[in-house]
Amino acid sequence: MADTKPKLLIVEDDEGLQAQLKWAYEDFDVIIAGDRESAIAALRSEMPKVVTLDLGLPPDPDGTSEGFAVLDAIMALKPDTKVIVASGHEARESALGAIERGAYDFYQKPVDIEQLGLIVRRALNLHHIEAENRRLAAKAGEGNTVLGRLVTSAPEMVKVARTIERVANTNVSVMLLGASGTGKELLARGLHDASDRKDANFVAINCAAIPENLLESELFGHEKGAFTGAVKTTEGKIEMADGGTLFLDEVGDIPLPLQVKLLRFLQERTIERIGGRKSIAVDTRIVCATHQDLESMIAHQRFREDLFYRLAEVVVKIPSLAERPGDAALLAKVFLKRFAKEMNPAVTGFAPDALAAIDGWGWPGNVRELENRVKRAVIMADGKLVSAEDLDLDGGEEENPEILNIKSAREQSDRKVIRHALARSEGNISNTAKLLGISRPTLYDLLKQYDLQT
Ligand SMILES: Nc1ncnc2c1ncn2[C@@H]1O[C@H](COP(=O)(O)OP(=O)(O)OP(=O)(O)O)[C@@H](O)[C@H]1O
Ligand SMILES: [Mg+2]
């Protein structure tokens, strides 16, 4: 059985610590190395997924040169390895330096075995997910089943769906990032439905829609008499999601004091209702979404970094509709069918000018805007076919209001035109080049320059 255990390489020169660590990981096949040379040899022969690395190794036990050399070698030889470095007292800087060089995380010495075990297992988990995603990305676009009600033909979106399916049955927290109307809530539900928590509750809470002073009680619940108006004991959303999934929508809008409380819940997995004294254990999977730039919020101390890392074990970026060529027309047809059936069965399809207008529109409001426009058009349509006018799309394409300079403006329009040409010729390079009036090599150059996929 030993060879089925995941391999963990511990690079540590202190023999006492070596022994202590070796016995702390029963579920790992532990390999020990005491210096640079043997560490690199072990990396080559064993290919461990996770490495813990003491930066102070002989002949430089009080410095970091040897440790960094090992780290650099690992990153050069096997960059998907998750390296966790040990930082001695007041050595935060070297730890951060290690992260910059590609380390996954660091821990403080003296070592807390339990805490380090958590970091190691989390690293291993992430390694699995990444490996699986790479495997799936390699064969993306092969048209497998995509999550439930998700309609798409764009490889970018298929990849997103695959990632969601992949992580569904792990307990990692998932952060969905995307502009408004891109399908964040749909994917959060899809994640829940694809998980083995599907028979318990999916509880969504929109943190931006609830006034600050009520949000705490919404999330954590309250006991009767906890405050004026608390006439009866009420469960919070977190408790309601026990056994299931808690979807924190617009998580960037949680005020700082409540962020602290949420973080405590994520660390301890227990809550106390407002005015309550007993702590209640809650087992829930956390999915969150936001359209805000959390990194900049962190930089401005408006969002806690430690909370961010708890919430964002896996980050899924959802492309805007404009970034998924062909999807607007596809979705429009699906929505038309649905709404015609419900509201105006006389309508059977789109007029040709409508499809061209749909494909040419910028869709700043993404799928939500598309859904609304199609719904309205189906209700308003006089004849059998929905026209561009019914969709209110005859005003031509929207201008992108924020333009940095002429170079970036050109790039933007190049990109757009190329993606549409690709969509209209269904990814065929010769036809796309013809449509654009350029040679195939020129098209290849542009695809490479703009990092576009065919
Ligand atoms: N790929 C898709 N296939 C089918 N329907 C979709 C797709 N993406 C989004 N929708 C539909 O579009 C609407 C908007 O999606 P959703 O509410 O998930 O977006 P959101 O990102 O949460 O938006 P917001 O930021 O505005 O809350 C919903 O009615 C959803 O069912
Ligand atoms: Mg939403």
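Reader: Where does Glu-12 lie in the chain?

Author: Glu-12 lies in the loop between β1 (7-11) and α1 (15-22). Please keep in mind that this is a predicted model.

Reader: Is Glu-12 buried or exposed?

Author: The general idea is that a residue counts as buried under 20% relative accessible area. Glu-12 has a relative accessible area of 2%, so it is buried. Its side chain also has a partner: a polar contact of 3.1 Å joins the side chains of Glu-12 and Lys-109.

Reader: Which residue does Lys-109 share a cis peptide bond with?

Author: Here is the background: most peptide bonds are trans. In this case, a cis bond joins Lys-109 to Pro-110, with omega about 0°. Pro-110 sits in the loop between β5 (105-108) and α5 (113-138). Another cis peptide bond links Pro-58 and Pro-59, where omega is about 5°. Pro-59 belongs to the loop between β3 (50-54) and α3 (65-77).

Reader: And backbone angles: which residue has a positive phi of about 45°?

Author: As a rule, most residues other than glycine have a negative phi. Met-47 is not a glycine, yet its phi is positive, about 45°. You will find Met-47 in the loop between α2 (36-46) and β3. Asn-366, also not a glycine, has a positive phi of about 55°. Asn-366 has its place in helix α15.

Reader: Why does Asn-366 count as buried?

Author: Because its relative accessible area is 2%, and the cut-off for buried is under 20%. Helix α15 covers residues 366-380, and Met-380 is found in that helix too. Met-380 counts as exposed because its relative accessibility is 53%, and exposed means over 50%.

Reader: What kind of surface patch do Met-343, Ile-379 and Met-380 make?

Author: Those residues make a nonpolar patch of about 290 Å² on the surface.

Reader: Now the ligand. How many residues surround ligand 1?

Author: A good way to read a ligand site is to list the neighbours, then look at individual polar atoms. Ligand 1 has 16 residues around it, and the closest are Val-151, Gly-181, Lys-184, Arg-368 and Glu-371. For Glu-371, a polar side-chain atom is 2.7 Å from an oxygen atom of the ligand. Backbone atoms take part as well: a polar one of Leu-186 is 2.9 Å from an oxygen atom of ligand 1, and a polar one of Gly-183 is 3.1 Å from a ligand oxygen. As for cover, ligand 1 on its own has 630 Å² of accessible area, and the protein covers 85% of that.

Reader: Which residues have the most contacts inside the largest nonpolar core?

Author: They are Leu-248, Phe-265 and Leu-311, in a core of 32 residues. Several elements give two or more residues to this core, among them β7 (202-206), α8 (212-220), β10 (245-249) and α12 (305-311). The largest share, five residues, comes from α10.

Reader: How far apart are Ile-429 and Phe-265 in sequence and in space?

Author: They are 164 residues apart in sequence and 52 Å apart in space, taken from C-alpha to C-alpha. Ile-429 is in helix α17 (residues 429-436). Ile-429 is buried, because its relative accessible area is 12%.

Reader: To finish, how many helices and strands are in the chain?

Author: The chain has 18 helices and 16 strands. Its C-alpha trace spans about 85 × 70 × 50 Å along the principal axes. Of its 454 residues, 45% count as buried.

Definitions and conventions. Residues numbered from 1 in each chain as written. Chains lettered and ligands numbered in written order. Predicted model: local features only at pLDDT ≥ 70, side-chain atom pairs only at ≥ 80, totals over all residues. Heavy atoms only, no water. Patch = residues over 30% accessible without salt bridge, like charges linked within 9 Å, V, L, I, M, F, W, Y side chains within 5 Å. Areas by Shrake-Rupley, 256 points an atom, 1.4 Å probe, with all protein chains shown as cover. Salt bridge = Lys/Arg side-chain N within 4 Å of Asp/Glu carboxyl O. Helix = DSSP H or I, 4+ residues; strand = E, 2+ residues; numbered from the N terminus. Buried < 20%, exposed > 50% of the residue type's maximum accessible area, 1.4 Å probe, protein only. Near = heavy atom within 4 Å. Polar contact = N/O pair within 3.5 Å; in protein donor to acceptor, adjacent residues only side chain to side chain. Core = buried A, V, L, I, M, F, W, Y, C linked by side-chain atoms within 4.5 Å.
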